[in-house]
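Student: Could we go through some helix packing and one side-chain environment together, step by step?

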Amino acid sequence: MELVWGEDFTALTDVSKSVFARYSPLEDRSNDVPFADQISQFAELGWLQLGDPGAVDADSPSLGTIAGIFVAMGSALAATPLLDLTTARDALLVIGTEESADIAKRIGNGDAVVVPVFPSADWGSALRYEDGVLNGVVLAVGYADRADSFLVQADGAERVVALVDQNSAISCEALPAMGRQPMFAVSFNNVPVAAASVLARGRDADRAVEIAEQRAAVLRAAQLYGAGLRLLDMTVLYAQQRHQFGGAIGRFQAVQYLCTDIAIATHLTSVHARSAARAIDTGIDPQPHIGLMRKHAAKAAQQIVHCAHEVHAGIGYMVESNVHLFTDAAKRWQYDFGSAAHNDAEIVAALNRTYTEA
């Protein structure tokens with residue numbers, strides 16, 4: 001099987017590199033682009049309205065094409081709300097009602113900041129919706145303090161997806177940032193949710209979140225791929241420039257093996273991400289591909305930074321070095337991809353489903 005990214009992947013990646021250079025701590029640690037400016041720029045570029053989860057073999061850009069933006073974002077280690085907004089928009093488009101489509105359009109135009117709040121067992125989060133009231137805490141929600149509204153998934157008599165406006169009954173407590181990405185614990189304390197604000201219920205709610213999270217996982221893997229390429233370049237360059245025992249340390253096989261391990265883990269991430277994107281873009285059941293991708297990416301996020309630190313040794317931990325910035329970002333991504341046990345269960349469930357349907 002030939003695995004390729006989307007048709008305009010390379011062109012979009014090249015354009016995105018120049019955009020994210022101004023966001024990158026690798027270029028300037030003092031970079032601090034105002035949030036409103038980020039939203040405005042992404043809306044102007046059309047990045048907030050790329051792709052349609054329901055479009056297979058249509059004119060809409062494929063997920064494999066959109067991934068080009070996130071490869072460049074990962075290479076720059078740029079912290080932006082782009083993935084959060086894209087995930088919320090994808091879920092709204094999957095729901096497919098007139099109201100959800102209108103909200104998705106406002107996100108795409110940069111007129112609304114809607115942050116997804118989808119509880120994860122890996123993060124120890126849970127939400128309950130009962131008798132029109134929402135309660136619970138969700139951890140690691142990005143940009144919660146900047147949200148106009150939250151797109152919330154909650155359990156109850158049946159699972160629901162609802163749009164909840166920011167209000168005084170919702171508290172956002174800042175958590176230690178990982179990878180310069182702001183994170184919050186969002187608490188819902190007896191938040192009333194009108195029936196009209198519930199956009200999907202039961203299987204429709206499950207499907208919307210599942211598809212949005214699958215697409216988000218591919219784009220996160222694309223970020224990791226971009227970061228791995230950049231870290232590989234930095235590590236190889238350091239191995240060529242750092243001299244010890246009468247020559248460059250890169251002449252030692254042990255150092256070459258470490259650089260090779262970064263390259264293998266990075267490119268395998270790309271292979272799994274392309275496989276998952278292709279499944280999504282062509283309408284194949286993507287869950288086995290998504291599970292394998294998540295499992296490998298979680299491991300790769302650990303491996304590439306470990307090997308880079310082995311080559312750089314003590315200097316990699318210095319504030320002046322950029323290596324530790326990758327370590328911080330990769331740890332956040334590792335958690336986003338989920339635990340090995342969770343991913344194994346998803347893979348087995350998907351394969352069993354395929355077998356029984358056949």
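Tutor: We are working from a predicted model, and a good place to begin is a helix contact in which Leu83, Thr86, Thr87, Asp90, Ala91, Val94 and Ile95 of H4 meet Arg207, Ala208, Ile211, Ala212, Arg215, Ala216, Leu219, Arg220 and Gln223 of H6.

Student: How many residues of the contact of H4 with H6 are nonpolar, polar and charged?

Tutor: The contact involves residues such as Leu83 and Asp90 in H4, and Ile211 and Arg215 in H6. Sorted by class, the residues of this contact comprise 9 nonpolar, 3 polar and 4 charged.

Student: Is H4 roughly parallel or antiparallel to H6?

Tutor: The axes of H4 (residues 82-95) and H6 (residues 202-241) come within 8 Å and cross at roughly 150 degrees. Angles over 145 degrees count as roughly antiparallel, so the relation of H4 to H6 is roughly antiparallel.

Student: What is the handedness of the crossing of H3 and H4?

Tutor: Helix H3 (residues 63-76) packs with H4 at about 155 degrees, their axes being 12 Å apart, and the two are therefore roughly antiparallel. In this contact Ile69, Phe70 and Met73 of H3 meet Leu82, Leu83 and Thr86 of H4. As for handedness, the crossing of H3 and H4 is left-handed.

Student: Does Ser275 count as buried or exposed?

Tutor: Ser275 belongs to helix H7, residues 253-282, and its side chain forms a polar contact of 2.8 Å with the side chain of His289. Since the cut-off for burial is under 20% relative accessible area, Ser275, at 15% relative accessibility, counts as buried.

Definitions and conventions:
Residues are numbered from 1 along each chain as its sequence is written. This is a predicted model: local features need pLDDT of at least 70, side-chain atom pairs count only at pLDDT 80 or more; totals for chains, interfaces and linings use all residues. Side-chain values use heavy atoms; hydrogens and water are left out. Helices (H or I, at least four residues) and strands (E, at least two) are DSSP runs, numbered from the N terminus. Buried means under 20% relative accessible area, exposed over 50%, partly exposed in between (1.4 Å probe, protein chains only). A polar contact is a pair of N or O atoms within 3.5 Å; within protein, one must be able to donate a hydrogen and the other to accept it, and residues adjacent in sequence count only if both atoms are side-chain atoms. Axes are lines fitted to C-alpha atoms, for helices over the stretch in contact, and angles run from 0 to 180 degrees between N-to-C directions. Angles under 35 degrees count as roughly parallel, over 145 as roughly antiparallel, 65 to 115 as roughly perpendicular and the rest as oblique. Contact means heavy atoms within 4.5 Å. Ala, Val, Leu, Ile, Met, Phe, Trp, Tyr, Cys and Pro count as nonpolar, Asp, Glu, Lys and Arg as charged, and the others, Gly among them, as polar. A crossing is left-handed if the near helix is turned anticlockwise from the far one by less than a right angle, and right-handed if clockwise.
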